[in-house]
Amino acid sequence: MKVLVTGATGFVGQHLIPQLLARGHTVTAVARNQSKARGFDWYEHVHFIACDIHQPRENVFQFFGSPNVLVHLAWDGLPNYKELFHFERNLLADYHFIKALVEGDLHHLLITGTCFEYGMINGCLSEDMPTLPSNPYALAKDTLRKFVDILAQQRDITFQWARLFYMYGAGQNQKSLIAQLDRAIDSGDPVFNMSGGEQLRDYLPVKHVATKLVNLMEHPQIAGIFNVCSGEPISVRRLVEQHLARRNADIKLNIGYYPYPDHEPMAFWGDATKFSSITGER
């Protein structure tokens, strides 16, 4: 397929593109920073466009290479989940970009959402549950999904909404837990400050997330909402301890130094059953 990937140099995009290329797809990669893109091995093997996708332009579909499918990863302003710009600016700008592609003759959309769409609900989260977003980022994402779902029904196109849970790996935000832990290990810090660590989460290596997205994209006959997750809860403390063991690191954990985040419930994880039944893998 001819695949248009937005957010190409982001955390997920930088791992997704090599897998698309390995499977024989033609990739148009889009991001704002061309200098950053040149640092990736895949740069010479894609058609790279450095631009702001929210900038109004004519013939959007043709401008981006008349793709067969859009894999839309881009979203400004993360990880500032509580800022109003998510729905004041990003929401409508994203929708207009997507609509312009659809009006140009695009028939397949794969867009990433967030587990935060479920809101402050504890337990196992399945795709048929109602959404109750409790922060501006989640509200904007959930509303975008509803907008695009109506658009897709009117245009009779494939719309896949991939709800991402927690990820870790190369290229992650430097404020994320595992990135901070790696810096502490590399710096030889004797102590690592963290929360109580008892919260249960659903984590996947980012390369596994990229694989799941490619697998979903390659099933264009299937539309709907899909959790992209492990389906297995793990405590944050256990995740940290496992990472320390993998790195053979000797560092003391200062448990309870930080309070628990107030924008997410204490214990939640994704139901991976639907995704597994569609693609045959977890």
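**Exercise 1. Across which strands does helix H7 (residues 206–217) lie, and at about what angle does H7 run to S7?**

Solution. Keep in mind that this is a predicted model. Start from H7 and look for the strands it crosses: helix H7 lies across S1, S4, S5, S7 (158–164) and S12. Then compare directions, and H7 turns out to run at about 165° to S7. For a second helix to set beside it, take H4 (residues 85–103), which lies across S1, S4 (69–72) and S5 (108–114). Helix H4 runs at about 170° to S4.

**Exercise 2. Work out the strand order of the open sheet, and find which strands stand at its edges.**

Solution. Let's walk through the sheet from one end: the seven strands come in the order S3-S2-S1-S4-S5-S7-S12, with parallel pairing. Next, look at the ends. Strand S3 (47–50) and strand S12 (224–228) each have a single partner strand, so one side of each is left without a neighbour in the sheet. Finally, add the twist: on average, neighbouring strands of this sheet are turned by 20° against each other, direction ignored.

**Exercise 3. Describe the surroundings of strand S1 (residues 2–6) and its links to S2 and S4.**

Solution. Take the S2 side to begin with. Five bridges join S1 to S2 (residues 26–31), and the two run parallel. Along this pairing, Lys 2 stands opposite Thr 26, while Leu 4 stands opposite Thr 28. Now turn to the S4 side, where four bridges join S1 to S4, again in parallel. Here Leu 4 stands opposite Leu 70. As a last step, check burial, counting a residue as buried under 20% relative accessible area. Four of the five residues of S1 are buried, so this strand is largely enclosed by the rest of the structure. From S1, the chain crosses through helix H1 (residues 13–22) to S2, in a right-handed β-α-β crossover.

**Exercise 4. Which residues of helix H6 (residues 177–186) are buried, and what covers them?**

Solution. List the buried positions in sequence order: Ile 178, Ala 179, Leu 181, Asp 182, Ala 184 and Ile 185. To read the spacing, recall that an α-helix has 3.6 residues a turn, so residues three or four places apart point the same way. Then look for the cover, which includes strand S8 (166–168), strand S9 (191–193) and helix H8 (236–246). To finish, follow the chain onward: H6 is followed by Gly 188, whose phi is positive, near 75°.

Technical notes. Residues numbered from 1 in each chain as written. Predicted model: local features only at pLDDT ≥ 70, side-chain atom pairs only at ≥ 80, totals over all residues. Heavy atoms only, no water. Pairing = 2+ DSSP bridges. Axes fitted to C-alpha atoms, helices over the stretch in contact; angles between N-to-C directions. Contact = heavy atoms within 4.5 Å. Buried < 20%, exposed > 50% of the residue type's maximum accessible area, 1.4 Å probe, protein only. Right-handed = clockwise from strand over helix to strand, strands pointing away.
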